[in-house]
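Student: Please take a close look at one strand with me. I would like to follow its pairing, its contacts and its place in the whole.

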Amino acid sequence: QVQLVESGGGLVQAGGSLRLSCAASGRTASMYGMAWFRRAPGKEREVVATITWRGGSTYYADSVKGRSTISKDSAKNTVSLQINSLKPEDTAVYYCAGRVVPSGTYPYWGQGTQVTVSS
C-alpha cells in the first residue's frame, strides 16, 4: 500500500503562484508514476500533470502547460506541482495520485487540498 498526503493549497490572487506537495509513504519502491488531478466545482475530475517515478518523464494538460511544473524528489518521496500565473479557473480541489503500472487507473489517492484563486 501507498499513502499520499497533499499540502500547500490555499487562497491565492489571480496571477500569483502556488506550490503543492505530495508526500508518499509505504511501498513507494513499487511506484511507476505520480499525477496531480483536480476537480473544479460542478466539473469532472481532470488530470493536470503526471510524472514517472524513475525516468521523470512528464505530461501536462493543455490548461496548465507552459505555466506549471511537476517535479519529484525520489530521496524524500515527494512530488510537487508548481503553478504560475494562476487563474480563477484553476480553483479546484487538487489531488495527488499514484500507480504502480504504466497505464490504467490510479489506485492510490491523497485526501485533496483546496486551491482557490480570487480575481
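Tutor: One term first. A polar contact is a pair of N or O atoms within 3.5 Å; within protein, one of them must be able to donate a hydrogen and the other to accept it. You will need that for a serine below.

Keep in mind that this model is predicted. The mean pLDDT of the protein chain is 95. Residues at 70 or more make up 100% of the chain. Among its elements, β1 has the lowest mean pLDDT, 95, and β11 has the highest, 98.

Let us take strand β8, residues 78-83. Begin with its sheet. Four strands make up an open sheet, ordered β1-β3-β8-β7, with antiparallel pairing. At the edges are β1 and β7 (68-73), and each of these pairs on one side only. From one strand to the next, the twist averages 15 degrees. In general, strands of a sheet pair through backbone hydrogen bonds.

In that order, β8 stands between β3 and β7. Take the β7 side. Six bridges join β7 and β8 in the antiparallel sense. Two of the partnerships are worth finding. Ile70 has Leu81 of β8 as its bridge partner. Asp73 has Thr78 of β8. These two strands also form a hairpin, with four residues between them. Look in the turn for Asn77, which has a positive phi of about 55 degrees.

Now the β3 side. Here too the pairing with β8 is antiparallel and runs over six bridges. Thr78 appears again: Ala23 stands opposite this residue.

How covered is β8? Five of its six residues are buried. Pick Ser80, which lies in this strand. Its relative accessible area is 7%. The cut-off for buried is under 20%, so Ser80 counts as buried.

What surrounds Ser80? Leave out residues up to four places away in sequence. Then Ser80 touches Arg19, Leu20, Ser21, Trp36, Thr69, Ile70 and Ser71. Here the opening term pays off. The side chains of Ser80 and Ser21 are joined by a polar contact of 3.5 Å. Ile70 deserves a second look as well. Ile70 and Ser80 are ten residues apart along the chain, and their C-alpha atoms are separated by 5.6 Å.

Next, step out to the core. The largest nonpolar core has 28 residues. Among those with the most contacts inside it are Trp36, Ile70 and Leu81. You have met all three names: Ser80 touches Trp36 and Ile70, and Leu81 is the bridge partner of Ile70. Strand β8 is one of the elements that give two or more residues to this core; β1, β3, β4 and β5 are also among them. The largest share, four residues, comes from β3.

Leu4 also ranks with the residues that have the most contacts in the core. Beyond four places in sequence, its contacts include Cys22, Ala23, Met34 and Cys96. Ala23 is the residue opposite Thr78 of β8.

End with Thr50, for another route to Ile70. Thr50 lies in β5. Its relative accessible area is 17%. That is under the 20% cut-off, so Thr50 is buried. With neighbours within four places left aside, its contacts include Met34, Tyr59, Tyr106 and Ile70. Ile70, then, touches both Thr50 and Ser80.

Note on methods: Residues numbered from 1 in each chain as written. Predicted model: local features only at pLDDT ≥ 70, side-chain atom pairs only at ≥ 80, totals over all residues. Heavy atoms only, no water. Core = buried A, V, L, I, M, F, W, Y, C linked by side-chain atoms within 4.5 Å. Buried < 20%, exposed > 50% of the residue type's maximum accessible area, 1.4 Å probe, protein only. Contact = heavy atoms within 4.5 Å. pLDDT = per-residue confidence, 0-100. Pairing = 2+ DSSP bridges. Axes fitted to C-alpha atoms, helices over the stretch in contact; angles between N-to-C directions.
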